Amino acid sequence: MQQANASPEELREYAERSNQEKLSISLRMLDRYMAYTPRKGDRQDPRPTQSPGGLPRSNRSLRSDDENAIVEVLDQITLFVVTGRPGEVVSAVFTDFSQAQVRLSANGVPSSAQRQHTEAFFTLLRATRRENVVENRVRLRKMIYTFCAQTIKVRMWKIWKSLYGDRDTMKELEQAIENLEKEDETPVSESVVPGYQNLGLVYSNINISDLLPSQLVRQMVGDLYTQAGKWKEVNNIIVPDDDEIQRTCLLAHILGVSRVMISQHISIRKLVSRLMKLGRFWHGILSLMDWAIQCHEERKSIQYSWIPEGTQSHKRMRAFKLGTRPEVVVEYLANSRSPNVPLNDIDWKVLKAIFHGWNSGELVHPVLHCEVAIIMAYLDHDKQKMPRIITCNKRSCFTCQKWIDLFNQIRRTRWSTLGSHMKYYMQWQFPGTVVANPIFDEVDEALLKLVEDEAFNYLVRGKITQDLPAMQSDDDASLPSGSPKTDIAFSIAP
Ligand SMILES: [Zn+2]
């Protein structure tokens with residue numbers, strides 16, 4: 001018997017909803033699907049699994065060395081102008097080929113504290129010279145450690161989780177150090193522990209150059225383990241003072257890049273990615289100072305501006321309710337594809353479990369994502385003089401990534417971001433709802449089809465027919481508001 005779930009009115013109502021509404025609903029369903037844990041007895045689900053080690057999909061291999069240098073600076077800038085509160089995302093591009101002028105774009109509108117901090121941050125960079133680099137580095141450090149304390153806290157928490165929440169990590173590290181001991185013959189060198197000379201800041205009473213690599217790594221691992229043990233108090237991470245954070249971030253950076261950490265083991269790979277993320281608060285400050293000095297010496301003036309500068313993008317779209325049941329959408333998708341999928345072939349029991357607690361009254365507040373806002377700002381620019389690489393304080397979402405791919409195909413442009421964590425956010429806003437333009441209409445239309453296909457593949461056909469990207473979970477500090485994981489970002493499981 002054909003199972004009837006949706007009434008004809010419900011189906012008609014759904015069919016008549018706007019593209020933005022359809023997109024948001026499909027994204028919400030996909031998001032729920034990814035959050036669902038199959039129960040015993042459920043039919044084996046064909047959904048994508050998390051990528052090994054939780055490593056982000058990166059576009060690094062597609063970039064030239066010059067482009068990597070651009071990325072390094074921009075990436076740091078975006079990290080340092082966000083506080084890490086949920087939903088806060090900032091993107092950046094260089095607007096000129098001299099790489100001294102930066103354009104920033106925020107999801108929504110930058111807060112006044114963020115504008116203030118950004119102004120102070122760039123003022124300091126602009127005033128940095130070889131003669132004052134030491135004191136400016138201290139000033140920049142204090143500024144960033146204060147403004148970005150929340151991000152630092154989340155990153156420390158992830159490291160704590162690796163060291164104390166995953167039994168394998170220390171076991172695997174011990175094994176790796178023992179392997180290193182076997183080949184230890186000469187004192188520590190740059191090839192085994194790059195940047196080890198900087199550790200003087202952490203180990204002022206040890207002569208590091210006399211140590212064997214395994215001895216140094218054992219010392220670093222032990223110290224990090226002991227330090228991390230002191231970070232956690234009840235369900236919170238206590239961020240230490242300025243000097244201590246500096247030592248922690250430095251240790252994280254050096255350990256993260258040391259040879260002993262090159263491993264196929266998932267626990268170690270996770271730890272490395274977490275160490276490197278915290279390490280950027282040490283290493284990134286240095287690279288920004290270098291960039292600032294270089295700009296000054298090449299007589300380039302460091303400038304920045306926010307996109308949008310006051311017009312269209314402030315026009316927020318009105319919120320709307322999901323206003324439908326997922327069963328209706330499933331049936332709509334099943335009917336609208338050719339060949340139709342017989343409704344009684346669909347595993348409704350599993351779908352019910354996936355959408356348990358679905359709230360049709362849930363409000364969607366569409367927000368234009370910052371990467372897309374940058375591309376929109378360059379729509380009429382000469383393609384030859386356009387920037388290409390957009391960095392972001394976190395990886396792009398599924399929808400941004402796909403929209404940019406489609407835009408590039410249709411416009412023959414080469415925009416690229418640093419990769420995607422492939423998450424689905426229902427608040428993602430179509431550019432065509434912000435600015436009327438046939439190009440956006442075309443890209444938006446293609447994107448809706450792609451997202452509906454994705455929903456169809458996972459939720460209707462129940463099998464994967466194309467190579468779908470893996471989900472990334474070990475994500476950055478901030479999660480967008482409305483994401484079910486927002487509230488648990490800090491709850492520490494017993
Ligand atoms: Zn996005």
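Start by selecting residues 90-94, which make up strand β1. This strand is mostly covered, with 4 of its 5 residues counted as buried. Keep in mind as you click around that you're looking at a predicted model.

**Stop 1: the partners of β1**

Keep β1 on screen and add residues 101-106, which are strand β2. The two strands pair in the antiparallel sense, over 5 bridges. Want to see who faces whom? Pick Phe94 and you'll find Val102 of β2 standing opposite. Then pick Ser91, which has Ser105 of β2 across from it.

Now add residues 391-392, strand β8. β1 and β8 also run antiparallel, joined by 2 bridges. Click Ala92 here: its bridge partner in β8 is Thr391.

**Stop 2: the whole sheet**

Which strands make up this sheet, and in what order? Select β5, β2, β1 and β8, and you have them in order across an open sheet of 4 strands, where the pairing is mixed. The edges are β5, at 303-307, and β8, each of which pairs on one side only. A handy thing to know while you look: in a regular strand, side chains alternate between the two faces of the sheet.

Next, show helix α3, residues 65-80. α3 lies across β1, β2 and β8, and runs at about 145° to β1.

**Stop 3: the turn of the hairpin**

Go back to β1 and β2, which form a hairpin with 6 residues between them. Zoom in on Gln99, in the loop between these two strands. Most residues other than glycine have a negative phi. Gln99 has a positive one, near 55°. Is Gln99 buried or exposed? Gln99 has 20 C-beta neighbours inside 10 Å, so it counts as buried; the cut-off for that label is 20 or more.

**Stop 4: Ile302, a visitor from far along the chain**

Stay in this area and select Ile302 together with Ser98. In sequence they are 204 residues apart, yet their C-alpha atoms are 9.9 Å apart in space. Ile302 belongs to the loop between α10 (266-297) and β5.

What does Ile302 touch, leaving out residues up to four places away in sequence? Light up Ala100, Phe122, Leu125, Arg126, Ala292 and Cys295 to see the set. Ile302 counts as partly exposed because it has 18 C-beta neighbours inside 10 Å.

**Stop 5: two helices side by side**

Select residues 112-126 for helix α4 and residues 133-147 for helix α5. Two packed helices are described by the angle between their axes and the distance between the axes. For α4 and α5 the angle is about 165° and the axes are 10 Å apart. These two helices are therefore roughly antiparallel to each other, as angles over 145 degrees get that label. α4 passes α5 in a left-handed crossing.

To see where they meet, show His117, Ala120, Phe121 and Leu124 on the α4 side, then Asn136, Arg139, Leu140, Met143 and Phe147 on the α5 side. Colour this contact by residue type and you get 6 nonpolar, 2 polar and 1 charged.

**Stop 6: another helix pair**

Now try helix α2, residues 19-35, with helix α15, residues 438-461. Their axes come within 10 Å and cross at roughly 35°. This crossing is left-handed. From α2, the contact residues are Asn19, Lys22, Leu23, Ser26, Leu27, Met29, Leu30 and Tyr33. From α15, show Asp444, Leu448, Val451, Glu452, Glu454, Ala455, Tyr458 and Leu459. The residues of this contact divide into 10 nonpolar, 2 polar and 4 charged.

**Stop 7: Met422**

Look in the loop between α14 (398-411) and α15 for Met422. Met422 has a positive phi of about 60°, although it isn't a glycine. With 23 C-beta neighbours inside 10 Å, Met422 counts as buried.

**Last stop: zoom out**

Show everything at once. How many helices and strands does the protein have? There are 15 helices and 8 strands. Of its 494 residues, 38% count as buried. Look also at contacts in the protein with a separation of 6 or more: 81% of them are between residues 24 or more positions apart.

Terms used. Residues numbered from 1 in each chain as written. Predicted model: local features only at pLDDT ≥ 70, side-chain atom pairs only at ≥ 80, totals over all residues. Buried ≥ 20, exposed ≤ 12 C-beta atoms within 10 Å, placed from the backbone. Pairing = 2+ DSSP bridges. Contact = placed C-beta atoms within 7 Å. Axes fitted to C-alpha atoms, helices over the stretch in contact; angles between N-to-C directions. Parallel < 35°, antiparallel > 145°, perpendicular 65-115°, else oblique. Left-handed = near helix turned anticlockwise from the far one by under 90°. Nonpolar A, V, L, I, M, F, W, Y, C, P; charged D, E, K, R; others polar.
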